Amino acid sequence: MRFILLLLPAFLFLSGCVSTSVPQTTTLAADGKPLPKLYRIGVNGRNKIPYEVLDSVNTLRAAAGAPPVRLDPRLTAAAATHSRDMSNQNRPWHFGSDGSSPIDRVQRVGYPGGLIGENISETYETEMETISAWMDKDDTRRVLLSKRATDMGFAWHQETNGKIWWTLIMGAQPPANLAMAQ
């Protein structure tokens with residue numbers, strides 16, 4: 001009887017070490033990799049994502065020897081307009097449904113500088129995956145890392161099916177001494 005009483009606490013202790021949870025199963029694609037999860041941008045994303053992207057872009061720029069850029073509300077407004085317009089047109093391209101170019105959109109929002117470039121994407125990927133894809137291509141990487149850029153606008157439009165239309169605009173303010181002379 002004593003032997004059983006000594007084994008009972010040991011049994012209870014060891015039973016606490018056994019996992020009773022059922023392992024989660026992951027759906028795999030034909031290539032054996034996990035299927036991607038749908039990325040939904042929540043309400044907090046509106047305030048958080050632009051600054052996370054700005055930090056990431058400035059980190060990439062610093063590594064490339066380029067000065068940091070600031071988030072500009074006018075360029076962000078132009079980017080938001082174009083993201084929604086691309087969704088309405090259902091195609092990723094740099095021209096608006098009204099025939100506007102990135103230069104036109106930057107001027108419409110009253111941005112006093114010039115356009116450096118515009119990066120766009122139609123994807124289901126996160127903002128960080130999109131920046132990574134832009135860094136993998138020469139033309140979009142040049143826009144992100146332009147040493148002349150001083151400002152950035154960044155926005156998106158997410159459709160109900162989860163597709164995201166990303167737009168990043170880089171601009172350059174005129175130097176302060178030139179702006180004062182005008």
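This is a short tour of one sheet, two of its residues, a helix and a pocket, with something to select at each stop. Keep in mind that the model is predicted.

**Stop 1: the sheet**

Start by colouring the strands. You should find 4 of them forming an open sheet, in the order β1-β3-β4-β2, with mixed pairing. β1 and β2 are the edge strands: each has a single partner, so one side of each is left without a neighbour in the sheet.

Now check the directions. β1 (residues 70–71) runs parallel to β3, and 2 bridges join them. β3 pairs with β4 (residues 164–172) in the antiparallel sense, over 8 bridges. β2 and β4 are antiparallel too, joined by 9 bridges.

**Stop 2: across the strands**

Select Met-152 in β3. Which residue of β1 and which of β4 stand opposite Met-152? On one side you'll meet Leu-71, and in β4 you'll meet Met-170. For another pair, click Leu-115, which stands opposite Gly-171 in β4.

Then follow β3 round into β4. This hairpin has 5 residues between the strands, and Gly-162 takes a positive phi near 100° there.

**Stop 3: strand β3**

Select residues 151–158, which make up β3. Is this strand mostly covered or mostly open? It's mostly covered: 8 of its 8 residues are buried.

In a regular strand the side chains alternate between the two faces of the sheet. Try colouring the two sides of β3 separately. Asp-151, Gly-153, Ala-155 and His-157 go on one side, while Met-152, Phe-154, Trp-156 and Gln-158 go on the other, and both sets are buried.

**Stop 4: Gly-153**

Zoom in on Gly-153, which sits in β3. Why does Gly-153 count as buried? Because its relative accessibility is 0%, and the cut-off for buried is under 20%.

Next, show its contacts beyond the close sequence neighbours. They are Asp-72, Leu-75, Thr-76, Ala-79, Thr-167, Leu-168 and Ile-169. If you have a distance tool, pick the C-alpha atoms of Gly-153 and Ala-80: they are 8.7 Å apart, although 73 residues separate the two along the chain.

**Stop 5: Thr-167**

Thr-167 was in that contact list, so hop over to it in strand β4. Thr-167 is also buried, with a relative accessible area of 0%.

Show its side chain together with that of Ser-83, and you'll see a polar contact of 2.8 Å joining the two. Leaving out residues up to four places away in sequence, Thr-167 also touches others, including His-82, Met-86, Glu-118, Asn-119 and Ile-120.

**Stop 6: helix α6**

Move to residues 138–145, helix α6, and select its buried residues: Thr-140, Val-143, Leu-144 and Leu-145. What do the buried residues of α6 pack against? Their partners are α2 (45–63), β2 (114–123), α5 (127–135) and β4.

**Stop 7: the largest pocket**

Finish by selecting His-94, Glu-118, Asn-119, Ile-120, Ala-133, Trp-134, Lys-137, Asp-139, Thr-140 and Val-143, which line the largest pocket. About 170 Å³ of space lies inside.

Which elements each supply at least two residues of this lining? They are β2, α5 and α6. Try colouring the lining by class: you should get 4 nonpolar, 3 polar and 3 charged residues. You've met some of these names before: Thr-140 and Val-143 are among the buried residues of α6, and Glu-118, Asn-119 and Ile-120 are among the contacts of Thr-167.

Definitions and conventions: Residues numbered from 1 in each chain as written. Predicted model: local features only at pLDDT ≥ 70, side-chain atom pairs only at ≥ 80, totals over all residues. Heavy atoms only, no water. Buried < 20%, exposed > 50% of the residue type's maximum accessible area, 1.4 Å probe, protein only. Pairing = 2+ DSSP bridges. Contact = heavy atoms within 4.5 Å. Polar contact = N/O pair within 3.5 Å; in protein donor to acceptor, adjacent residues only side chain to side chain. 1 Å grid on protein atoms, 1.4 Å probe; cavity = no way out; pocket = protein on both sides within 12 Å on 5 of 7 lines; lining within 4 Å. Points joined across faces, edges and corners; volume = space filled by probe spheres on them. Nonpolar A, V, L, I, M, F, W, Y, C, P; charged D, E, K, R; others polar.
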